[in-house]
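This report describes a protein model in terms of its local backbone features, its helix packing and its nonpolar cores. Please read it with the sequence and the coordinates at hand.

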Amino acid sequence: MRIVRPGELGAREIEAWRELRAKSGAPANPFMEPEFTRAVAEVRPRARVAVWWEGDEPVGFFPYEKGPLGQGRAIGFGVSDSQGAVLRDGLRPGARALLRRCGLADWQFDNLEAGQPVLEGAAVESFASPVIDVGEGYAAYEALLRVQSPKFLKTTLAKERRLARRTDGEVRFVFDERDPAALRTLMAWKSAQYRRTGRRDRFAKEWITALVRRLHALRTPGCSGVLSVLYVGERPIAAHFGLRSATVLSCWFPAYDPEFAKYSPGLVLHLRMAEAAAAAGIGMLDLGRGDAEYKDALKTGELTVYEGAVVRPGARAALHWVGREPARRLHGFVRDRPALAARGRAALNRIARLRGGR
């Protein structure tokens, strides 16, 4: 096994990584492709990849980020929606031995994909990641919504028609918008939404902003940035940025202009995204981990992702537990009690409004 910077991976290794993913049987999530790891490495210089070789063939890859004291995290931890190792079938390195070889005291993950036998044993929680199956085409999906979420679909389509009447039919949708100005608008909306709801503003971190910009320009078969925008004339009113492979659109950052909130432009946008994705040959939209009413209304099924950490025994393991486990358990306690979680969200919203009034 050798440890390299992602940018040092050779063409043969990149191709082997892609082939291993294609043979894995897992959904072709773009977060698991080598291009995503390489994009993260351009803004996170501590990114590394462990590469296994058998003879003259690369047979496994483990991407990670390494902190100054040996703390390990999944690539893009905190924003990546699918994480794990990419291994040839039958390759089973010991998780703790792997960490030792990489010089890591631990390796933390929050969206480990299912089917990771080397790492799943370290998971402490599992979460549903809702998905939309459009493999049979958009018409079949809409027909399913008419049965599964009839009120949601009827209301959303009615709002789309009202919006079109208000704007004299100037509503238009662009599935793959290349204009950087539209991306800047989306990030500004999303930052405002984070602040308005009392959540941490991800786009306040320069590395996340830089990563999204790089991915917007990325064009590869397994991982391409896709910015979808709903316009009224030339004015964007809702947008979403995500990543796509040939068969999966991984939904990531949706937001809309609050001035148009009564028309639910974000919901209209998601329906048009599903329609365009199906037309482009994409079979699944992964809405990502997290509870939301719109996800429940849109979904046709769920995947499972995991949260946890592989930890090597010793003093650093104790520091990991003290530093992370109590907060994680408290968060889980609140999340599993809807009434308490609702009060928490309300409190965050009040704090955000007070801050905004200063």
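D168 sits in the loop that runs between helix 5 and strand 8 (171-174), and in this predicted model the residue has a positive phi of about 55° although it is not a glycine. With a relative accessible area of 69%, D168 is exposed. A positive phi of about 45° is also found at S264, which is not a glycine either, and S264 belongs to the loop between strand 11 and helix 8. Is S264 buried or exposed? Its relative accessibility is 13%, and because buried means under 20% relative accessible area, S264 counts as buried.

Helix 5 and helix 8, the helices named with these two loops, also pack against each other. The axes of helix 5 (residues 150-166) and helix 8 (residues 265-279) come within 9 Å and cross at roughly 100°, and the two helices are therefore roughly perpendicular to each other. From helix 5, the residues F152, L153, T156, L157 and E160 take part in the contact, and they meet L267, V268, L271 and R272 of helix 8. Sorted by class, this contact has six nonpolar residues, one polar residue and two charged residues.

A second helix pair lies towards the N terminus of the numbering, where helix 1 and helix 2 pack with their axes 9 Å apart and at an angle of about 130°, which makes helix 1 oblique to helix 2. In this pair, I14, W17 and R18 of helix 1 meet P34, E35, T37 and R38 of helix 2. The residues of the contact divide into three nonpolar, one polar and three charged.

Three residues deserve a description of their surroundings, beginning with E13, which lies in helix 1. E13 is a buried residue, with a relative accessible area of 3%. Apart from residues up to four places away in sequence, E13 touches R2, E8, V51, W53, P58 and F61. The loop between helix 1 (11-24) and helix 2 holds A26, and A26 is partly exposed, with a relative accessible area of 25%. When neighbours within four places in sequence are left aside, A26 is in contact with R21 and E113. E113 is also a contact of E120, together with L112, A114, G115 and Y306, again leaving aside neighbours within four places in sequence. E120 itself is placed in the loop between strand 6 (106-113) and strand 7 (123-133), where it is partly exposed, with a relative accessible area of 27%.

For each of these three residues, the table sets a separation in sequence beside a distance in space.

| Pair | Separation in sequence | C-alpha to C-alpha distance |
|---|---|---|
| E13 and P34 | 21 residues | 9.4 Å |
| A26 and E113 | 87 residues | 8.7 Å |
| E120 and G84 | 36 residues | 9.3 Å |

Turning to the interior, which residues have the most contacts inside the largest nonpolar core? They are F36, L211, L215, F241 and W252, in a core of 33 residues. The elements that give two or more residues to this core are helix 2 (34-43), helix 6 (180-196) and helix 7 (206-217), together with strand 9 (224-232), strand 10 (235-244) and strand 11 (248-256). The surroundings of F36 can be listed in full: not counting residues up to four places away in sequence, F36 touches P30, F31, I75, S80, L211, L215, C223, L243 and W252. A second core, separate from the one around F36, has 32 residues, and F260, Y263, I282 and L287 are among them.

The totals for the protein complete the description. Its secondary structure comes to 11 helices and 13 strands, and 51% of its 358 residues count as buried. If one takes the contacts between residues at least 6 apart in sequence, 74% of them join residues at least 24 apart. The protein exposes about 17,100 Å², and carbon and sulfur atoms supply 52% of that area.

Definitions and conventions:
Residues numbered from 1 in each chain as written. Predicted model: local features only at pLDDT ≥ 70, side-chain atom pairs only at ≥ 80, totals over all residues. Heavy atoms only, no water. Helix = DSSP H or I, 4+ residues; strand = E, 2+ residues; numbered from the N terminus. Buried < 20%, exposed > 50% of the residue type's maximum accessible area, 1.4 Å probe, protein only. Contact = heavy atoms within 4.5 Å. Areas by Shrake-Rupley, 256 points an atom, 1.4 Å probe, with all protein chains shown as cover. Axes fitted to C-alpha atoms, helices over the stretch in contact; angles between N-to-C directions. Parallel < 35°, antiparallel > 145°, perpendicular 65-115°, else oblique. Nonpolar A, V, L, I, M, F, W, Y, C, P; charged D, E, K, R; others polar. Core = buried A, V, L, I, M, F, W, Y, C linked by side-chain atoms within 4.5 Å.
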